[in-house]
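Biologist: I'd like to learn how to read a ligand site. Could you take me through one?

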Amino acid sequence: MGIQVKPGKILINNEWTESLSGKRFDVINPATEEKLTDCAEGDKKDIERAVLAARRAFESGAWKKMSARERGRILNRAAQLLEKHRHEIAELETLNNGKPISETLHVDLPLAIETFEYYSGLADKIHGETIPVNGPFLNYTLREPAGVVGQIIPWNFPLLMAAWKLGPALATGCTVVLKPAEQTPLSALRLGELLIEAGLPAGVLNIVTGFGPTAGAALAQHMDVDKVAFTGSTGVGKMVMKMASETNLKRVSLELGGKAPNIIFADSDLDAAVNGALRGIFFNQGEVCCAGSRLFVEKSVHDEFLSKLKTKAEKLVVGNPLDPKTQMGAQVSEEQFKKILSYVEQGKKEGAKVITGGTPAQNKGYFIKPTVLEGVTNQMTVAREEIFGPVVCALSFTNTEDLIHQANDTIYGLSAGIWTRDIGKAHRFAKEVKAGTVWINCYNQFDAASPFGGFKQSGFGRELGEHALELYTQVKSVWVSLD
Ligand code: NAP
Ligand code: MG
């Protein structure tokens, strides 16, 4: 295996160290169920060290007072280094996460690179405003970095989530302690190496690998962390918010789960919609927070649509993630694999019919067949809870008045899709649906410049685009007497 996993150590102050406890944990390849490597298991004490390093780096001014253009150049060099090592990092990500190499190479890597490019360009365009106030005063605002930032990320897009978090935080002049998911720490460590090579001063980025309830919680609770940005489950997101509020009231932003409606009207281009539904749920093995997991199909085309969807789902190539022809790889872990299969059973119990899939795809590795559940109602567990796997729940509708109510009848609000040739209907839906992203006649489109985030229990705060700068800056109002 040609992967270069640097020592699997913790990064503090631009140095790679073991955890203070000396403990390590195994990192598994979900496609083979075999151990890939191991990593330092950081805990509260290591978070202490990392936050101290980040605080010193922030207060020293080595980063925030560096010219913004120079900060941008460093981020741009990081993008170039990612590009240079694209193949190696894609392979590393595939080995660790189980997702197909065609996706890591053509989706995760390009989007991560773009994210650094985008924020490298924005670094020197962050500024305040002058405000016409009453009286003989000059009033202006300064947009200052939030300070020391804690970032906790999930395992479904390990490198990309690190990029979404680090790009804007570093561009604004914040310093960071990053905790990757325990299942997938490797690409974030490699990214850390590249950022150092790109010229990041010591202490600006610290990476503590380890577990959520220990390292993650210590970061969310830390009295000297100014802001915590979290991506993961809604349950843990609520805990992070509680920990922040019970300690120093650090600012919080949350990117949480989803249960997106993807709505197919009879007047849509049906073949395009089938492909969109397929991409909407089976991309990244369904381990996507904005997956189109509730598929509402208009009754008059329901049977034809599902039959086409079934045929295409059965043609998807599931298997060895390193094979360039593979379209769906392994679920990230045994836990996730079992959870998904138990949701399928729950669906059957509540009256849904499995028209394809629903079982493991191979004897070894955490592979699940692309699964379509028919006859789902919005009240079933499978329609209410996030499955986070390659399982689409098909619901049929006739009454379009009731449709928006059903689409919004969920605790989540991350994304939504609609397929129709009627532009009025599409834009009305875009306005009425409670979701942070709406895709019309497309699905799962992303761009570093376009904001992403949730309504309702899918969280708050917007990542990507200029909006993400708000997460990592604070505004200061300055008054000057002109008398
Ligand atoms: P999770 O437990 O919420 O994990 C996410 C991150 O939080 C991991 O780094 C995890 O560390 C950490 N964590 C866990 N417990 C913690 C605690 N008590 N305090 C602080 N940090 C803690 O998520 P999961 O169950 O592994 O992943 C699946 C879920 O993530 C899905 O349900 C999906 O909704 C959500 N997700 C959402 C998005 C989004 O963009 N909105 C993206 C991806 C995933 P460990 O890995 O060490 O436990
Ligand atoms: Mg977890």
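Biologist: Which polar backbone atom is 3.1 Å from a nitrogen atom of ligand 1?

Modeller: A polar contact is a pair of N or O atoms within 3.5 Å; within protein, one must be able to donate a hydrogen and the other to accept it, and residues adjacent in sequence count only if both atoms are side-chain atoms. Here the partner at 3.1 Å belongs to Glu255. A backbone N or O atom of Gly210 also lies 3.4 Å from an oxygen atom of ligand 1. First, some ground rules: this is a predicted model, where local features need pLDDT of at least 70, side-chain atom pairs count only at pLDDT 80 or more, and totals for chains, interfaces and linings use all residues. Residues are numbered from 1 along each chain as its sequence is written, chains are lettered from A and ligands numbered from 1 in the order in which they are written, and side-chain values use heavy atoms, with hydrogens and water left out.

Biologist: How many residues surround ligand 1?

Modeller: A residue is near a molecule if one of its heavy atoms lies within 4 Å of it. For ligand 1 the number is 29, and the closest include Glu182 and Ser233. They divide into 16 nonpolar, nine polar and four charged, with Gly counted among the polar ones.

Biologist: Is Val318 buried or exposed?

Modeller: Buried means under 20% relative accessible area, exposed over 50%, and partly exposed in between (1.4 Å probe, protein chains only). Val318 counts as partly exposed because its relative accessibility is 23%.
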